[in-house]
Amino acid sequence: MDYSDMEIVYQKYSRLVYGFLYSHTHNAEWSEEMTQETFLKASMSISRYDASCKLSVWLCQIAKHILWQELRKKNRFKMVELTDNLPDVSISEGETFVIRQENKIELYQAIHLLSEQEKEVVMYRISGELSFREIGEIMGKSENWCRTVFFVPNKKSERRSVEMNEKYNCDVIRDLLPGYIDHILSDTGSELVKKHLGECEECHKIYTEMEEGIGKDDLSAHDTIAVDALKKIRKRMNHLKITIGILAGILFIFLIFAAFKIYVIGKPLETGYMSISDTTYDEETGQLTVNGEINLHSFHVSKVVWEEDKNNPNIVNVIVYCAETIPFAKDKTDFSVVIPDIKGKKVYLACPEYDRMEIYDWLTYHYEEVESLKNEIYSKISELNEKTDALSCGQGITTVEGIEGISFHVQFIYGEDASYWWFNGMLTTDGEFVPADFEIWISLKEPHKILIYDYQTGEYIDDFSIISNRRAVEDDS
């Protein structure tokens, strides 16, 4: 914020606002606090100032509202009685001269007879040390009216002023000049001023300048400067508010997201912290149900997802997410997931892919069916030799002509008296083996249909002679 703008407004009106508040509280510290609060609230609400009244009046209205709020809040309101111990205030020498000539008891009686507005003028002037212009702005009256009320409260005071005409000094006469110019003084008061002007050249010069209206527009210009300054402050504070609001919003969203990620979304859990209780495959629907639990204190299962492996469509990865448990909440450690169409595939627990643990293999759980299909191939294709041509079942289900089936890879075994066997799913031989450039497909359901898929042509054929032909080529090479 540019504090020079606030300084313009504060220097211009702080004394006025402070005096207004002090005239009601008679407490310097309290009045100073409320003065500062007044200017703060004014800078926040300057957009509502419509120039229907002077800026000083608007500021005093804000100050008055703050004052009554504080009075209700703190219950600090005190009734001030007029006693012989009047506040020790500093006022102009002319006013001091007049007051000192009055008997105190008569002064109190005179004040008591004044109207409420007239009493307020006297208290603002004596206790608040405000100028007549400032008092007029507060009360919505003219400066001349305030001067007249203060100096000429009644006919008796005017007559006494005439009797003491010789003792009046120029300051008092100058205070009465606005009322004299606006013709609101009584005949007696007007005669007093007129007589003095005829005798005092300096006062007459001031009277002439005032009558010509010199300096009448100064207040308006000052008000304009002050309002502009307050608007600048308001604009900057709005920008600051918006900036703080945006930053606070971003921080709030970040905290919410962080909490959401920690306590709701969580992160993939390593397979070592999980155990599978059972897997159930439905032969009719081809879906697999996996049940398990996590073994991690103060964490709960937030979600479980499955997805196909990026490199192998016949592999499915199950990813379990765990999140921290909110204090005093119960941990949910068990999980269950249903995976559709798992026929012919493998399923892993993954985190997400680099840490994997196999939990289901369709081929393994259907070992007998796969072996039966393999024997069916050996029995139906005479070109195959079960002792020298090894068949290994590949992953996945292949649909040919609308029929589901599985494919077997062929390995030709070479070497005198060479043989082969399977160890932990791996082909082992005491000779040499050469993979064939075709595979054999067989339907899952009876009657079993067998076709050869030729890698060279990319087509399925039912001509089994390709087996002998390709073996002969390998033998020649």
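1. Two strands are taken to pair if DSSP finds at least two bridges between them. In this predicted model, strand S2 (residues 274-281) and strand S3 (residues 288-294) satisfy that criterion with seven bridges, and they run in the antiparallel sense. Within this pairing, Thr-280 stands opposite Thr-289 in S3.

2. The hairpin formed by S2 and S3 has six residues between the strands, and it is in this hairpin that Gly-286 takes a positive phi near 75°.

3. Helix H11 (residues 187-199) comprises 13 residues, which at 1.5 Å a residue should span 18 Å; because the C-alpha atoms at its ends lie 19 Å apart, the expected and modelled values agree.

4. The residues of H11 can also be read by their burial. Gly-189, Ser-190, Leu-192, Val-193, His-196 and Leu-197 are buried in this helix, and because they cover an arc of only 160° around the axis, they sit on the same side of H11. Turned away from that buried side is a face carrying the exposed residues Asp-187, Glu-191, Lys-194, Gly-198 and Glu-199.

5. A further point concerns Asn-317, which has its place in strand S5 (residues 315-324). With a relative accessible area of 0%, Asn-317 counts as buried, because the cut-off for that class is under 20%. The side chain of Asn-317 is joined to the side chain of Asp-309 by a polar contact of 3.3 Å.

Technical notes. Residues numbered from 1 in each chain as written. Predicted model: local features only at pLDDT ≥ 70, side-chain atom pairs only at ≥ 80, totals over all residues. Heavy atoms only, no water. Helix = DSSP H or I, 4+ residues; strand = E, 2+ residues; numbered from the N terminus. Expected span 1.5 Å × (residues − 1). Buried < 20%, exposed > 50% of the residue type's maximum accessible area, 1.4 Å probe, protein only. Arc of directions from axis to C-beta. Polar contact = N/O pair within 3.5 Å; in protein donor to acceptor, adjacent residues only side chain to side chain.
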